Amino acid sequence: MPATTQSAAPSTTVRRSLRWRVVDIVVASVLAVAIGVVFKLWEFGYEPISAVAGLVLPGTQALFGGVWLLAGPVVAIVVRKPGAALYAEMVAASVEALLGTQWGWLTLEAGLVQGLGAELVLALFLYRAYRLPVVVLAGAAAGLALGINDTVLWYPGLDAAFKTVYVVSAVVSGAVIAGLGSWLLVRALAATGVLSSFAAGREHARRSTVTTAQEPSAPTDATAPADGARSGTATPAAEQAERGSRAAR
């Protein structure tokens, strides 16, 4: 009786570790510091734009606050470790505060609250889902945290209508700028190859491979029509038969 053999092919399933690596800390810190500089620069653009928006409809100035929420989602998508969003927002807020800001050290409190907003959504998905809907939801949660925090600290005496518009505007801004914006930004970074050691970079490489494989190949000579009637030119044998037919007539 022949012996039964079993397949010894190794499993291709890779278990992803949620532990931070040294490269995770370095890259998260570099990205957060860079975005912290963007935070500071955005103060100069935010003031005139928000003033105009506030005149049109009070509370809509929060539509432009999503820039200050970018650090959490961007670093979270790249590093994909617990605490990445919170860490990034705190580092970016610290950089902004050190560079000098009108909000002083309360910038750190804002970074803490906003980072926690994004972090809670990612934790609900066990830090394993970083698709666009999840990232947009994380940005919206950070926007909700921003809206509530600002209305409590900076606009406590204003009416409910203003606060409602402000919070809703902050959620929209978080979803679009911090959510969709960070997702597109990471895709652009991955396209350069700088994220090759991270899951975001490997996902981009797989998408590029699939896209290349699906592209139609150029036609070869083997596919050219071999029949003289199809190509519109007569073969030598056909020409000889035509001449014979004329002679017979």
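A crossing of two helices is called left-handed if the near helix is turned anticlockwise from the far one by less than a right angle, and right-handed if clockwise. In that sense helix 1 (residues 22-56) and helix 3 (residues 84-99) make a right-handed crossing, where helices are DSSP runs of H or I with at least four residues, numbered from the N terminus. This is a predicted model, in which local features need pLDDT of at least 70 and side-chain atom pairs count only at pLDDT 80 or more, while totals for chains, interfaces and linings use all residues. Residues are numbered from 1 along each chain as its sequence is written, and side-chain values use heavy atoms, with hydrogens and water left out.

The axes of helix 1 and helix 3 come within 7 Å and cross at roughly 45°, axes being lines fitted to C-alpha atoms over the stretch in contact, with angles from 0 to 180 degrees between N-to-C directions. Helix 1 is therefore oblique to helix 3, a word for what remains when angles under 35 degrees count as roughly parallel, over 145 as roughly antiparallel and 65 to 115 as roughly perpendicular. Among the residues that meet here are Ile25, Phe39 and Lys40 of helix 1 and Tyr87, Glu96 and Leu99 of helix 3, contact meaning heavy atoms within 4.5 Å. The contact of helix 1 with helix 3 divides into 13 nonpolar, two polar and four charged residues; Ala, Val, Leu, Ile, Met, Phe, Trp, Tyr, Cys and Pro count as nonpolar, Asp, Glu, Lys and Arg as charged, and the others, Gly among them, as polar.

Helix 3 also packs with helix 2 (residues 71-79), at an angle of about 135° and with the axes 7 Å apart, so that these two helices are oblique to each other. Their contact involves Ala71, Gly72, Val75, Ala76 and Val79 of helix 2, and Ala84, Ala85, Ala88, Glu89 and Ala92 of helix 3.

Further along, helix 4 (residues 106-124) and helix 5 (residues 132-153) pack at an angle of about 145°, with their axes 8 Å apart, and their crossing is right-handed. Their contact, which includes Gln114 of helix 4 and Asn149 of helix 5, has 13 nonpolar, three polar and one charged residues.

Helix 6 (residues 160-192) has 33 residues and bends by about 30° at Gly181, the bend being the angle between axes fitted to the seven residues ending there and the seven starting there. Just after helix 6, Gly193 takes a positive phi of about 95°.

Notes
Expected span 1.5 Å × (residues − 1).
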